[in-house]
Amino acid sequence: MTQSEDKPIHMSPEEFRAAGYAAIDWLVDYLKEIEERPITSDVKPGGIRSALPEHAPETGESFQELLADMDSIIAPGITQWQHPGFYGYFPANSSPPAVLGDLLSTGLGVNGMLWATSPAATELETHVLDWLVELCGIPKRFHSSGPGGGVIQDSASSATLCAILAARHRVNRPDEITKLRAYVSNQAHSSAEKGLLVAGITRQNIRLIDTDETFSMRPESLEKAIKEDSEAGYTPFFVMTTVGTTSSGAVDNVEEIAKIATQFGAWIHVDAAWAGSATICPEFRGILNGLELADSYAFNPHKWMLTNFDCSAFFVADAQPLNETLSIVPEYLRNSASEAGEVIDYRDWQVPLGRRFRALKLWFVLRSYGAEGIRTYIRSHVQAAEWFTEQIRNHPKLELSVEPTLSLVCFQHVDGDKASEQLLTSLNDTKKVLLTHTRLNDNYVLRVAIGSTYTTFEHVEALMQLINDKVQN
Ligand code: PLP
C-alpha cells in the first residue's frame with residue numbers, strides 16, 4: 001500500500017523501531033529533567049491551539065517533526081504530574097514498568113471485550129486482581145474462586161457507577177426507581193452523586209449523611225436516615241462508605257456502617273480510591289475493617305501503586321447482579337466460549353463494550369517492583385508525611401486542620417483564610433511545588449498529598465523549608 005507513488009502508507013518495521021527508540025529517549029530525557037521544569041504551565045487559554053496548524057496535514061510528516069513539536073508545543077502546556085514536588089489532588093502514579101506495559105498493550109492493540117477476543121487479556125486481568133486480593137489482605141469473597149472477583153475499570157467513578165447499577169438491579173424494582181434511596185457521607189467524592197444521577201436516582205433520593213469531627217460518616221445518623229426512609233416507604237438500596245476521603249483522608253467505619261446497611265438489604269460499596277493501595281502494607285489494613293461485609297470495593301493502583309492511569313481495581317462479592325444488569329448479547333458477539341459459560345466476558349462487568357488490555361501494566365508493576373518494593377515505596381511516603389505532620393504541629397504559625405491519614409496532611413495558617421490562601425499561592429508561584437486546597441469546618445485548608453512516584457523524604461524536607469520561608473515573609 002502506498003500513499004503516493006514513492007511514499008508507503010506505513011512506517012517500515014525499521015522506521016517504527018527507530019521512532020520507538022526516539023520516543024522512549026524523548027520521554028526518559030524529559031523525566032530526567034522534570035525537576036528543572038516549572039511544575040505548572042504558563043500557557044494562557046487558547047495558547048496551545050494557536051500554535052497548532054488550523055488544518056490536519058494533507059501528507060504525512062516525519063516522526064522527527066512530531067517529536068520536535070512535543071518539545072516546542074506540548075511540553076510547555078503540561079502540568080507536571082510526575083514532578084516530585086507534586087502534592088496536589090491525589091497524585092497519579094506512573095513508573096517505567098507501567099509505561100512499558102502500557103506501550104506493549106497499545107502495540108498489541110487488542111480489544112478485550114470478550115474472553116474470545118483475547119484470552120490472555122481476560123485471564124491475566126482475573127489473575128492479577130486475585131494477586132491484589134492476596135497482597136492487600138482483601139477478604140476472600142472478592143477472589144475469583146467464588147461467585148465474585150475483580151475487574152479493572154478506567155476510574156473509581158466507573159467502579160462506583162457499576163456498583164450502583166448492580167445495586168439497583170438487585171432490588172429488582174425497576175418500575176419504582178423513584179422509591180430507591182442512596183446514602184453517602186457529606187465528604188464522599190462527587191463521583192458518587194454523578195453515578196447516582198446517571199443511574200436515574202434523583203437528587204432528593206441521595207441522602208448526604210453528616211460526619212463527625214474527623215469527617216467520618218456518623219453511623220447513628222445513617223441508621224436514623226435509613227429507618228426514617230424505610231418507614232416512609234422508600235427502599236434503601238445503596239450505601240457507600242469512603243476510606244480515605246478526597247478532602248481530608250477521613251475513614252468511614254466500614255464495619256459499623258455495613259452492619260446497619262445489611263439489616264435493610266442495601267448494597268454496600270467501599271470507595272478507597274486513594275488509600276486502598278496502602279493496604280499492601282499489613283500495618284495499614286485496619287482502615288478496611290469490615291470489608292468482608294461489603295458487596296463491592298474499589299481502589300486505584302493509578303493513584304498510589306505505581307501504575308499509570310487508567311487502572312481502578314473493582315471487586316464484587318457476587319458478579320451476578322452486575323452481569324445481569326450489564327449483559328446484552330447481540331448476535332454478532334455470540335461465540336462458543338461465552339455460550340459454554342466457561343469464561344469471563346469483561347464487557348459484562350463495565351458500561352462500555354470495548355476495553356483496553358490494562359492488566360499488562362499492573363502485571364509489569366507487580367512483577368518488577370515485587371510486593372516488597374511497593375511496600376517500601378508506600379512506607380516512605382507515610383514516613384515523610386509523619387515527619388511533615390510533626391513540623392506543622394510544632395509550627396508557631398501553622399496548625400493541622402485534622403489528624404492526618406496515611407500520607408495526606410491538611411493544615412492552615414493560624415491567621416485565618418486569607419493567610420492560608422496567600423501561603424498556597426506563594427508556594428505554587430515558585431513553580432517548584434503544586435499544592436491544592438479544600439475547605440474543612442469552613443476553613444480554607446492546604447492539602448499536601450505525598451504520593452508522587454519520584455517524591456522522596458528530601459523533597460518533603462525541601463517543601464517544609466519552602467513553607468517556612470514563605471510563612472516568614
Ligand atoms: N473516590 C475518591 C475517594 C477519590 O479521591 C477520587 C479521586 O480523587 C475518586 C473517587 C474518583 O477517582 P477517579 O478519577 O478514578 O474516578
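In this predicted model, a backbone N or O atom of A156 sits 2.8 Å from an oxygen atom of the ligand. Side chains join in as well. For S157, an N or O atom of the side chain comes to 2.5 Å from a ligand oxygen, and for H302 the corresponding side-chain distance to an oxygen atom of the ligand is 3.5 Å. On its own, the ligand has 390 Å² of accessible area, and the protein covers 87% of that. Two elements each hand two or more residues to the shell around the ligand: α6, spanning 156–171, and α10, spanning 301–304.

Taken as a whole, the shell around the ligand counts 13 residues, with A156, S157, T246, D271 and N300 as the closest. Sorted by class, eight of the shell residues are polar, three are nonpolar and two are charged.

Turning to the strands, β8, β9, β11 and β10 line up in that order to make an open sheet with antiparallel pairing. The edges belong to β8 (398–400) and β10 (436–440); each has a single partner strand, so one side of each is left without a neighbour in the sheet. On average, and with direction ignored, neighbouring strands in this sheet are turned by 40 degrees against each other.

The pairing of the edge strand β10 can be followed down to residues. Its partner here is β11, residues 443–449, and the two run antiparallel over five bridges. One of the residues involved is L440, whose bridge partner in β11 is N443.

Key:
Residues numbered from 1 in each chain as written. Predicted model: local features only at pLDDT ≥ 70, side-chain atom pairs only at ≥ 80, totals over all residues. Heavy atoms only, no water. Near = heavy atom within 4 Å. Polar contact = N/O pair within 3.5 Å; in protein donor to acceptor, adjacent residues only side chain to side chain. Areas by Shrake-Rupley, 256 points an atom, 1.4 Å probe, with all protein chains shown as cover. Helix = DSSP H or I, 4+ residues; strand = E, 2+ residues; numbered from the N terminus. Nonpolar A, V, L, I, M, F, W, Y, C, P; charged D, E, K, R; others polar. Pairing = 2+ DSSP bridges. Axes fitted to C-alpha atoms, helices over the stretch in contact; angles between N-to-C directions.
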